[in-house]
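Biologist: Could you take me through this structure slowly, and tell me each time how a word such as "buried" or "salt bridge" is justified?

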Amino acid sequence: MSRPRVFVTRPSVPKEGIDLLRQTCDVKVYNEDKPIPRDALLKGVVGIDGLLCLLSDPIDKEVLDAAGPQLKVIASMSVGFDHIDIEECKKRKIGVTNTPHVSTDSVAEFTVMLMLAVGRRLFDSAAAIKNGEWVHSWSPMWLCGQGLKNATVGIVGVGRIGQSILKRLPPFGVAKVLYYDVIRPVPAGCIKIYDFLHI
C-alpha cells in the first residue's frame, strides 16, 4: 500500500512536525521561505492526500480541483481559517484543522510588553540614545513616562487573548480594568482582584 502524500507550503514549519509526518507519509515541502506563488501551489497540490498550509495560502475551489478527489485533510498552521473555502471542503468531505490557541500567550505577552514600552517611553529613550541626546539632555524626570502601577487599563474583547492579558497584569499593580465585549461579560474564571467596569 502506498504512503499518503503530503504537501507543505513553507519550509519554516518546525522540523519536528515535518519529521513526524515523514514517519508515515511522503512529504514534499515548498523550498522558499515566503508565501508560495499561486502557480507553485496549484502544481504542488496535484495528487496529494494532505496539505499543510499557512494563513497566507488561499485554499479555494481551484486549489481543491487541482489537488484531486483523493485529498482528505487540510491542516493550517494558523488560528484563523478564513483563507480556506470551508463550504467547498464540506462538500468534498475534506477535514480541515487549525491551531486555535497557538498565538494566545505570545500575543498577550507582546501586548503587555508594548504597554510597558509605550508607557515608559522606551522607544523615545532608544531614539534619544541613538541620536546622542542622552548625555546632554538628561534630567531626573526626562523620559520617565508612566508605569502600570495604579493605572486604569482598557481591554476591548475578553476572549482568549483578552483573558490572557488580564492574567499577566496583577504583578504590575494595575488598579482598575475597563473592558468591552459584545459577546459576554468578564468570564467567571478571570482575575477577580480588579474593579471591572463594562463600557
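The conversation below sets values against definitions, one term at a time.

Biologist: What should I know before we look at any values?

Modeller: This is a predicted model, in which local features need pLDDT of at least 70 and side-chain atom pairs count only at pLDDT 80 or more, while totals for chains, interfaces and linings use all residues. Residues are numbered from 1 along each chain as its sequence is written, and side-chain values use heavy atoms, with hydrogens and water left out.

Biologist: Why is Asp 49 called buried, and why is Lys 72 called exposed?

Modeller: Buried means under 20% relative accessible area, exposed means over 50%, and partly exposed lies in between (1.4 Å probe, protein chains only). Asp 49 has a relative accessible area of 17%, so it counts as buried, whereas Lys 72 has 53% and therefore counts as exposed.

Biologist: How do you know that Lys 72 and Asp 49 form a salt bridge?

Modeller: The term asks for a side-chain nitrogen of Lys or Arg within 4 Å of a carboxyl oxygen of Asp or Glu. For Lys 72 and Asp 49 the N to O distance is 3.3 Å, so the pair meets the definition. A search of the whole structure finds 14 salt bridges.

Biologist: What makes the pair of Lys 72 and Asp 49 a tie between parts apart in sequence?

Modeller: Helices (H or I, at least four residues) and strands (E, at least two) are DSSP runs, numbered from the N terminus. Lys 72 lies in the loop between H3 and strand E4 (73–76), and Asp 49 in the loop between H2 and E3, so the salt bridge ties together parts that are 23 residues apart in sequence.

Biologist: What makes Glu 88 and Lys 91 a salt bridge, and how are the two placed in their helix?

Modeller: Their closest N and O atoms are 3.7 Å apart, so this pair also satisfies the definition. Glu 88 and Lys 91 are 3 residues apart in helix H4 (residues 86–91), which means that about one helical turn separates them. Glu 88 is buried at 12% relative accessible area, while Lys 91 is exposed at 64%. Both belong to a network of salt bridges that links Lys 61, Asp 65, Glu 88, Lys 91 and Arg 92.

Biologist: Why is a set of residues here called a nonpolar core?

Modeller: A nonpolar core is a set of buried Ala, Val, Leu, Ile, Met, Phe, Trp, Tyr and Cys residues joined through side-chain atoms within 4.5 Å. The largest one has 18 residues, and Phe 7, Val 45, Leu 51, Ile 59 and Ile 74 touch the most other members. Helix H2 (38–44), strand E3 (50–53) and helix H3 (61–67) each give two or more residues to this core, and H3 gives the largest share, with 3 residues. A second, separate core has 12 residues, including Val 112, Ile 155, Leu 166 and Val 177.

Biologist: How do you know that E3 pairs with other strands?

Modeller: Two strands pair if DSSP finds at least two bridges between them. There are 3 bridges between strand E1 (residues 5–8) and E3, and 4 bridges between E3 and E4, so both pairs qualify. E3 runs parallel to E1 and parallel to E4. Val 8 stands opposite Leu 52 in E3, and the bridge partner of Gly 50 in E4 is Val 73.

Biologist: Which way do the residues of E3 point?

Modeller: Gly 50 and Leu 52 point one way from E3, Leu 51 and Cys 53 point the other way, and all are buried.

Biologist: Why is Cys 53 said to be in no disulfide?

Modeller: A disulfide is a covalent bond between the sulfur atoms of two cysteines. The search counts a pair of cysteine sulfur atoms within 2.5 Å. The nearest cysteine sulfur to that of Cys 53 belongs to Cys 89 and is 9.2 Å away, so this pair does not meet the cut-off. A search of the whole structure finds 0 disulfides. Cys 53 is buried, with a relative accessible area of 0%, and Cys 89 is buried as well, at 1%.
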